[in-house]
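Thank you all for coming; I would like to take a few minutes to walk through one model. Please have a look at it before I begin.

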Amino acid sequence: SGASAVNPIGIGIGDHAQKYFLGAVVFNLGIVVVFLFVNYAIAWVQVACLKVPLATAIFYVRAPGLVYIPMVWLLMGTSIAASNLTFFPSRAPGWVAIIGTVVLALCVSFPFIMWLVLLRKARFQATTVPDPKINADAAAVVSGFEKDGEDDNKQATVYTGWKRTAYILVYGSEVWV
């Protein structure tokens with residue numbers, strides 16, 4: 001059935017026609033919440049056992065940003081299932097349509113939530129600098145920081161000609177640091 005494509009667990013909830021779509025909504029969100037919980041639990045273990053500062057432990061486990069991976073993987077199925085629950089309310093009890101509407105609103109707002117939590121300027125501390133593989137001045141700065149004592153005359157490779165053009169086409173002219 002179509003519901004099995006959006007429900008990775010494959011368990012229905014209830015005895016109505018929408019039980020597999022409801023199962024998809026509940027279990028997909030459950031998978032994401034468990035993933036988030038495990039991320040923060042690992043961070044807590046680092047704080048409690050290894051005496052790592054909380055901010056450093058959260059950085060090590062990439063929380064909450066790492067939750068983006070299962071969320072994006074499950075987002076399409078979750079939104080399809082929630083849409084089915086929302087737009088066909090006669091196939092199940094009314095409370096199922098309400099759950100579908102709430103989850104569909106969460107799916108639609110997910111990009112904004114990710115921006116709010118991770119990517120807005122106040123949270124995202126990275127900046128761009130010229131790429132040292134295509135900019136000789138940036139390469140000189142980078143090679144000054146990378147001296148390991150063994151070969152002080154080692155120069156960073158700077159692409160020129162068609163390699164530089166291809167590199168800029170694929171990667172751009174700046175890097176995030």
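I will speak about the longer helix stretch by stretch, then the core, then one helix pair.This is a predicted model, in which local features need pLDDT of at least 70 and side-chain atom pairs count only at pLDDT 80 or more, while totals for chains, interfaces and linings use all residues. Residues are numbered from 1 along each chain as its sequence is written, and side-chain values use heavy atoms, with hydrogens and water left out.

Let me start with α2, where helices are DSSP runs (H or I, at least four residues) numbered from the N terminus. Its 32 residues should span 46 Å at 1.5 Å a residue, and the end C-alpha atoms, 45 Å apart, agree with that. The expected span here is 1.5 Å times one less than the number of residues. After α2 comes K51, with a positive phi near 60°.

Turning to the core, the largest nonpolar one has 19 residues, and V25 and L85 have the most contacts inside it; α2, α4 and α5 each give two or more residues to this core. Such a core joins buried Ala, Val, Leu, Ile, Met, Phe, Trp, Tyr and Cys residues through side-chain atoms within 4.5 Å, buried meaning under 20% relative accessible area with a 1.4 Å probe, protein chains only.

Finally, α4 and α5 pack at an angle of about 145°, their axes 8 Å apart, where axes are lines fitted to C-alpha atoms over the stretch in contact and angles run from 0 to 180 degrees between N-to-C directions.

Methods
Buried means under 20% relative accessible area, exposed over 50%, partly exposed in between (1.4 Å probe, protein chains only).
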